[in-house]
Amino acid sequence: MAGVSLVCVPLVGKSVEQMLSEMATATAGGADVAEIRLDHLASFEPRRDLDLLLRNRPLPVLVTYRPNWEGGEYEGDDGWRFEALLLAMELGAEYVDIELKVAQEFVDFLSGKRPDGTKLIVSSHNYQSTPSIEDLSILVARIQAVGADIVKIATTAVDITDVARMFKVMVHCQGQQVPMIGLVMGDRGLMSRILCPKFGGYLTFAALSTGKESAPGQPSLSDLLDIYNIKQIKADTKVYGVVGKPVAHSKGPIIHGTAFRSVGYNAVYLPLLVDDFESFLSTYSSPDFAGFSVTMPHKEAALACSDEVDPIVKYIGAVNTLIKRPSDGKLIGYNTDYTGSISAIETTLQGKVPGASLADRIFVVIGAGGAGKALAYGAREKGARVVIANRTYERARELANFVGGQAISLADLENFHPEEGMILANTTSVGMYPNIHDTPLSKPFRQRMGSKAQQSHSPKVELNSVFSLKRKQALKSYALVFDAIYNPTLTRLLREAEELGVTIVTGVEMFVRQAMGQFEIFTGLPAPEKLMRETLLNFH
Ligand code: NAP
């Protein structure tokens, strides 16, 4: 039945004491079930240890004794394993897991002595791939035929579209007597672990903390409960997410998940590790997959896949927000990077000088990639005189031609100060972690200082020693300096500008505003600005 998946935490401690402590933490953290992985114990004395583990247990338990031929750590024979699992049943374990390969032998072994009250999970693991729907269905039937109370199938996602097959089989099983656990392992299978209540999965696994996973791709218990809000996911919950590669570092799930929850919007927001954007969209074409944030390297592909876009998005050449229009399912593309960054710059400017505007001001954009185009078109929309400086001069010239602006080389930037009150926007990754000593206003720090200085741990000394007069002069001509980089928040460019009293705007401000824009497109509701800001700052 959709909407009530149990959350099970595997206990992977090497000793009974560690497992008991993990069980207490899992209980406090909100788990529904604890999986006792007997094969993880360094030494195991069945009667003594199972008694300790099951006596006064705070949670229902699933007892698993996984052999190495099925991905576990037990290397002995099946006779010993079967005896231990029978003992766990006699001691009242709520669930026991047995692998399909030996399930018939185990059922025969139990014959006549099977205690009531323990549910038998018969499991099958595929660490290479996810079979076809037909083969998965045959597997389900075989597991049911052997007498399972619960079917468990875990496969591996080679591509995120593999998960759709597991969802289809789970939905098909919903009407049947025997519940199913269907999980797809690996980073590309993450959504199978989160969306199981939506598709009728009986149970999902969550690691107690990062590093305590018992299978690839398990989210942590706190992420599952707090970020993905799994207890609120139902069959009709809409799915949103950030599509990218890589995507694990994205702050989207925490910021959007928290915002959805705060307004009671029935939706979940996931990291979606996608290799091929088009096949992802065509596989998850149902209205349930309602909208996406799009990040590197799929922003151009998202534009190509859009049925309709804002006119300016066509010029920018990149879509960072895609929704399915509920009335006709058409894909509508937006770009909130440009609205987010330009509004951050304009609002800050007006905070300093009421009534100040970007119109007729020189607006220097460093970079001519996705963010560079967004800033350049956004500035032109506001009537600014746009200047593009880029490492590859050809790209600067191309973008400058498009926006009716001027192109200069990156080397010229230090000497470029035709007037006061200009805006400077860095949209390159120069200065981003780990190269935090670099600034786009001069040569990379490593080249200037050599390897000894590179190893120095005193950024203040480094900063002062290379903060040339020229650069000071150049920076002083700006009324405001913006950096799209959000890691670190205060880049070297911004630190130096701030030191000279120039107003700055960080990439974090752009990030929060583009996320607010996305929230409003996704939900049609005003974004909870204060909450989204606080969430991002707490997480940063
Ligand atoms: P992109 O399309 O790959 O463009 C990268 C730009 O940086 C190009 O102009 C490139 O010059 C230049 N560049 C790269 N390495 C350089 C170097 N070592 N020296 C000089 N120039 C260099 O990337 P993007 O999507 O525009 O992203 C750029 C930055 O913006 C990233 O740091 C990203 O994190 C940030 N960003 C922030 C937000 C936010 O919400 N705060 C949103 C989007 C992007 P060439 O043309 O010569 O290759």
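Does Asp-360 count as buried or exposed, and at what relative accessibility? In this predicted model, Asp-360 counts as exposed, at 54% relative accessibility; the residue is taken up again in the last of the views below.

**View 1. The whole protein in the predicted model.** The protein contains 22 helices and 20 strands, and its C-alpha trace spans about 90 × 60 × 35 Å along the principal axes. Of its 540 residues, 54% count as buried, while the accessible surface comes to about 22700 Å², of which 52% belongs to carbon and sulfur atoms. Among the contacts with a separation of 6 or more, 68% are accounted for by residues 24 or more positions apart. The side chains include 54 positive and 60 negative ones, and the centres of these two sets lie 6 Å apart.

**View 2. An open parallel sheet of eight strands.** The strands follow one another in the order E7-E6-E5-E4-E3-E2-E1-E8, with parallel pairing. At the edges stand strand E7 (180-185) and strand E8 (203-205), each of which pairs on one side only. Neighbouring strands of the sheet are turned against each other by 25° on average, direction ignored.

**View 3. Strands E4 and E5 with helix H4.** Strand E4, residues 95-99, runs parallel to strand E5, residues 119-125, and five bridges join the two. Within this pair, Ile-98 stands opposite Val-122 in E5. Helix H4 (residues 100-110) packs on the sheet and touches both E4 and E5, its direction making about 115° with that of E4.

**View 4. Two cis peptide bonds, each leading into a proline.** Most peptide bonds are trans. The bond that joins Met-296 and Pro-297, however, is cis, with omega about 0°, and Pro-297 has its place in the loop between strand E11 (289-294) and helix H12 (299-305). The bond from Asn-487 to Pro-488 is likewise cis, with omega near 5°; Pro-488 lies in the loop between strand E19 (478-483) and helix H20 (492-499).

**View 5. Positive phi at Asn-56 and Asp-360.** Most residues other than glycine have a negative phi. Asn-56, in the loop between helix H2 (46-54) and strand E3 (61-64), has a positive phi near 55°, and at 70% relative accessibility Asn-56 counts as exposed. Asp-360, in the loop between helix H14 (336-352) and strand E15 (362-366), has a positive phi near 70°. Asp-360 counts as exposed because its relative accessibility of 54% is over the cut-off of 50%.

Methods:
Residues are numbered from 1 along each chain as its sequence is written. This is a predicted model: local features need pLDDT of at least 70, side-chain atom pairs count only at pLDDT 80 or more; totals for chains, interfaces and linings use all residues. Side-chain values use heavy atoms; hydrogens and water are left out. Two strands pair if DSSP finds at least two bridges between them. Helices (H or I, at least four residues) and strands (E, at least two) are DSSP runs, numbered from the N terminus. Axes are lines fitted to C-alpha atoms, for helices over the stretch in contact, and angles run from 0 to 180 degrees between N-to-C directions. Contact means heavy atoms within 4.5 Å. Buried means under 20% relative accessible area, exposed over 50%, partly exposed in between (1.4 Å probe, protein chains only). Accessible areas come from the Shrake-Rupley method with a 1.4 Å probe; for residues, only the protein chains shown count as cover. Lys and Arg count as positive and Asp and Glu as negative; His and the chain ends are not counted. The place of a charge is taken as NZ of Lys, CZ of Arg, CG of Asp or CD of Glu.
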